[in-house]
Amino acid sequence: MTQSLQDRFAPTNRCFGCGPANEKGLRIKSLPRGDEVVCTWSAEKHHEAWDDMLNGGICGALLDCHSNWTAAWHLMQKNGLASPPCTVTAEFHVKLRRPTPTHAPLQLRAHVVESTDKKAVVEATLESEGEVTCTCRGVFVAVSEGHPAYHRW
């Protein structure tokens with residue numbers, strides 16, 4: 001797949017972290033690659049906490065949205081669906097291991113470590129120049145009709 005999950009399945013989504021239609025958002029582009037989902041993202045000056053270092057909240061938003069799309073993609077594949085189910089974050093733990101430099105493109109990597117038909121546990125990393133700066137583990141669940149996130153993509 002050369003088109004990102006977001007562009008293919010949710011082109012009108014306005015989520016701050018992953019929505020292609022949010023002109024002020026982070027607009028990540030997640031791509032399945034084997035058993036993981038990857039993303040290359042470049043920061044701008046307004047994403048920094050101090051000179052040349054990424055804000056910790058932005059680190060969390062990147063990891064959250066990328067992990068959520070990893071869960072949605074996994075559940076789509078697992079359940080033989082034509083499009084990913086709408087998934088939301090049930091819990092999410094981020095470890096900021098060291099400052100994240102912004103002078104080079106950043107790499108996000110995520111994979112599912114366990115799942116059911118409606119839930120996926122995802123582990124992910126944020127890397128700068130090959131060095132892991134943040135890690136996370138989250139639980140993401142597919143929502144049903146009636147939930148505010150249902151049909152958001």
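Helices (H or I, at least four residues) and strands (E, at least two) are DSSP runs, numbered from the N terminus. The model is predicted: local features need pLDDT of at least 70, side-chain atom pairs count only at pLDDT 80 or more, and totals for chains, interfaces and linings use all residues. Residues are numbered from 1 along each chain as its sequence is written, and side-chain values use heavy atoms, with hydrogens and water left out.

**Exercise 1. The fold in outline**

Task: State how many helices and strands the chain has, and in what order the elements run.

Solution.
- Step 1. Count the elements: the chain has 2 helices and 8 strands.
- Step 2. Read from the N terminus: the order is α-β-β-β-β-α-β-β-β-β.

**Exercise 2. Overall dimensions**

Task: Compare the radius of gyration of the chain with that of a compact globule.

Solution.
- Step 1. Take the rule: 2.2 Å times the number of residues to the power 0.38, with the radius taken over C-alpha atoms.
- Step 2. Apply the rule: for 153 residues, a compact globule would have a radius of gyration near 15 Å.
- Step 3. Compare: the chain has 15 Å, which agrees.
- Step 4. Add the spans: the C-alpha trace covers about 45 × 30 × 30 Å along its principal axes.

**Exercise 3. Surface, contacts and charge**

Task: Describe the burial, the exposed area, the contacts and the charges of the chain.

Solution.
- Step 1. Set the classes: buried is under 20% relative accessible area, exposed is over 50%, and partly exposed is in between (1.4 Å probe, protein chains only).
- Step 2. Burial: 48% of the 153 residues count as buried.
- Step 3. Area, by the Shrake-Rupley method with a 1.4 Å probe: the chain exposes about 7800 Å², and carbon and sulfur atoms supply 49% of it.
- Step 4. Contacts (heavy atoms within 4.5 Å): among those between residues at least 6 apart in sequence, 60% join residues at least 24 apart.
- Step 5. Charges: Lys and Arg count as positive, Asp and Glu as negative, and His and the chain ends are not counted. Each charge is placed at NZ of Lys, CZ of Arg, CG of Asp or CD of Glu. The mean positions of the 16 positive and 17 negative charges are 4 Å apart.

**Exercise 4. The largest nonpolar core**

Task: Find which residues of the largest nonpolar core touch the most other members, and which element supplies the largest share.

Solution.
- Step 1. Define the core: buried Ala, Val, Leu, Ile, Met, Phe, Trp, Tyr and Cys residues joined through side-chain atoms within 4.5 Å.
- Step 2. Rank the members: of 37 residues, Ile28, Trp41, Leu54, Leu62 and Leu126 touch the most others.
- Step 3. List the sources: α1 (5-9), β2 (36-41), α2 (56-79), β6 (106-115), β7 (119-128) and β8 (131-142) each supply at least two residues of this core.
- Step 4. Pick the main source: α2 gives the largest share, 11 residues.
- Step 5. Look around Leu54: beyond four places in sequence, its contacts include Trp41, Leu62, Leu106 and Leu126.

**Exercise 5. Two buried residues of helix α2**

Task: Place Ser67 and Met76, and name their contacts beyond four places in sequence.

Solution.
- Step 1. Ser67 lies in α2. At 0% relative accessibility, Ser67 is buried.
- Step 2. Ser67 contacts Phe92, Val122, Ala124, Cys136 and Phe140.
- Step 3. Met76 is also in α2. Its relative accessible area is 5%, so Met76 is buried.
- Step 4. Met76 touches Phe9, Leu81, Ala82, Ser83, Pro84 and Pro85.

**Exercise 6. Along strand β7**

Task: Which class, buried or exposed, fits Val122 and Ser128?

Solution.
- Step 1. Val122 is in β7. With a relative accessible area of 0%, Val122 is buried.
- Step 2. Among the contacts of Val122 beyond four places in sequence are Ser67, Thr70 and Ala71.
- Step 3. Ser128 is in β7. At 4%, Ser128 counts as buried.
- Step 4. Ser128 touches Thr100, Pro101, Leu106 and Thr133, leaving out residues up to four places away.

**Exercise 7. Positive phi in two loops**

Task: Locate Arg27 and Glu129, and give their phi and exposure.

Solution.
- Step 1. Arg27 sits in the loop between α1 and β1 (31-33). Its phi is near 55°, a positive value in a residue other than glycine.
- Step 2. At 36% relative accessible area, Arg27 is partly exposed.
- Step 3. Glu129 sits in the loop between β7 and β8. Its phi is near 50°, a positive value in a residue other than glycine.
- Step 4. At 58% relative accessibility, Glu129 is exposed.
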